Structure formats: C-alpha cells, structure tokens
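Hi everyone, thanks for coming. Let's have a look at the structure together, and then I'll walk you through the ligand site.

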Amino acid sequence: MKLTVRPRRLRGSEALRKMVRETRVDAASLIYPMFVTEGRDKREAIEAMPGQYRYSLDRMGEALDALAEAGVNSIMLFGIPEHKDPVGSQAYAPDGIVQRAVARAKLLHPEMFVITDVCMCEYTSHGHCGVLCDHDVDNDRTLALLAKTALSHVEAGADMVAPSDMMDGRVRAIRDALDANGFSNRPIMSYAVKFASSFYGPFREAAGSAPAFGDRRGYQMDYHNRREAMKEALLDVEEGADILMVKPAMAYLDLVREVRDATNLPVAAYSVSGEYAMVKAAAERGWIDERKIVCEMAVAAFRAGAGIYLTYFAKELAECIREGLIG
Ligand code: PBG
C-alpha cells in the first residue's frame, strides 16, 4: 500500500521513541507532601494511605533521607497539632508543629526546598479552613490569620508558602505580610484552582481535618465549573501568586491545560490522597501494576501542562525516572 504518512515509523525502536518523546519528566519537578505530628518516636501509619505516615520531629529525618537518596529535593509540610481551638492558634504559633518541622528539615537537609501548606483546617476545632461567623467561614477575618500563619512559616525558614484555604484575597494578604516583613523574595504557590472534592477523603483522616459540620463547598470550587476556575487562576496572578496549582490532578487535567495556556506562570498539579488511595487499593488486589500506573498518571499531568507535580508517590516516581521507565 502507498502510504505517505506512516506514524508507526517513529515507534520502531526504544531509542527513536525516546528521541521523539514530547514530554520530559525530571525528579526536580516533584514535591512530596509530608505529615508531621507532635510527640516522640512516632511514625504512625495512615490507614487509607498505605505507605504514608505521620512523623514526629525526631523521626522525620528518616523520610527526608529516603527522599534525598531517591533524588526528591522538595517537600510540602502539613502539621497535625496537639491542640485545636476555634481560631486555630497553633497554625500561627511560632513554636507550632509546622514551624518546628521547617526548622528541623532545614537543619537536617539544608539543600531541601521546604514548602508549607498554609491553611487552618488542621488547627481549628471545627475543622473549617478559617474562623467562623455563625456557621460560615468569615473570609476577611481569616485573611489576617492566614497572613500571620504564612509569615510564621517563612520566619521558621520555609522557602515557599502554599495557601490552600480558598479564601478570597488571601494571596494578596499573604504577599503584603511577607513583603512588609522583609520576605519579598519568598514565593507563593497558590492552590488557585482547588475544587471541593471527595478525592481529599484520606487526607482528612490523615490530618484529622474533616469539618465537624457541613462541608467546604462555601469556599472550595464546584467541580462543574471551568470558567470559574480560570477566574480564580487569573485573580491569583493579579494578587501576586508565583506558581498556580490545580487540585486534584487526574480528574482535572483539562484545567491544568487551560491554566497553562492562559498564563505564563509555572503550573503545578497536585495528585491528592484519594488518587493515591485508589492506586494502592487496586494494586494491593493485583488488579493494576502500581508503578506503571503511577508513571502514566504523572506523565499525563506533565503532558497536560504541569511543570510541577505534587504526589505521595514522589519517591517511587523519582526511582522510576532514574531507572528510565519514564523521562
Ligand atoms: C488543606 C488541604 C487539604 C488538602 C491539601 N491541603 C484538605 C482539604 O482541603 O480538605 C488535600 C490533600 C490531599 O487530599 O491529598 N485545606
């Protein structure tokens, strides 16, 4: 048969397939989300996230060593405090769990890039992402506390802060607070496009942050909406975000692409706890090949336009990259 175009010609060998590959993956683009908790000698298993743990500060070094060994150089810290109260005071306490974890991570691994999640839901007794006024989160009063939290993180040594609360105006409030205190050089990675998602279920078990009443639909986005996602993304650009995140990842890759095309900021995709749990559960039953699925999910996020990928599989992915499974 006379065929002018034969796409299969470029698939004939591994060398050629790699040569014409359109998406390159690199361990430098990975961020590992990590849970830290009060107490000593703790490495508590998280039931719905097999292989993930809550580390006490004296044991977080183990996890950092393993990450560094695999080639993962960035972490994002989530803290689980001992005491919660209605105003989440442990979120911005100078000696809070995250503040101390940042300092410890920088001490143990000075080259590690340490990001902090800035939110109040792990710290409030009611589990919402801000302070309440009746049964609603009071946006503007929450902004001041988020700014204070972010500032306390960078004072502790955080290299970047990542607000995940979805309050209006929080990127600007945080930017102003950092700038006013001599931290104009610290970037903000905004959870700009964050949906109210059931994919966060296992995280809430891990962080003990499920809302005591109601849900987060009053501040996180309705997943039916695409234009609203772009409105949020562009607003965060205006407010001074340095990196825009889309979350969750796998079911939201259309928006990763759209944000990529609409802005010139780096775009991050967060493969969340529910994505991790689903892969683990199916792999445990032998129904899928865990490593291959993890690679495919990651490459899909990069192909969609992400330049940064947050995943609980960061270490495993870095190993896959090193072994040449993807890259
Ligand atoms: C805090 C926060 C959440 C996640 C990241 N930051 C939970 C939530 O919004 O309920 C979810 C991460 C995951 O599921 O892996 N607001």
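How many nonpolar, polar and charged residues does the shell around the ligand have? By class, there are 11 nonpolar, three polar and five charged residues. Here Ala, Val, Leu, Ile, Met, Phe, Trp, Tyr, Cys and Pro count as nonpolar, Asp, Glu, Lys and Arg as charged, and the others, Gly among them, as polar.

A quick word on the model: it is predicted, local features need pLDDT of at least 70, side-chain atom pairs count only at pLDDT 80 or more, and totals for chains, interfaces and linings use all residues. Residues are numbered from 1 along each chain as its sequence is written, and side-chain values use heavy atoms, with hydrogens and water left out.

Back to the ligand. It is surrounded by 19 residues, each with a heavy atom within 4 Å of it. The closest are Lys194, Arg204, Lys247, Ser273 and Tyr312.

Now the polar contacts, meaning pairs of N or O atoms within 3.5 Å. A polar side-chain atom of Tyr312 is 2.6 Å from an oxygen atom of the ligand, and one of Lys194 lies 2.7 Å from a ligand oxygen atom. For Asp117, a side-chain N or O atom is 3.3 Å from a nitrogen atom of the ligand. Taken alone, the ligand exposes 400 Å², and the protein buries 100% of that (accessible areas by the Shrake-Rupley method, 1.4 Å probe).

Which elements give two or more residues to this shell? They are strand S9 (189-194) and helix H6 (201-207); both are DSSP runs, helices being H or I with at least four residues and strands E with at least two, numbered from the N terminus.

Finally, the C-alpha trace of the protein chain spans about 75 × 45 × 40 Å along its principal axes.

Conventions:
Polar contact = N/O pair within 3.5 Å; in protein donor to acceptor, adjacent residues only side chain to side chain.
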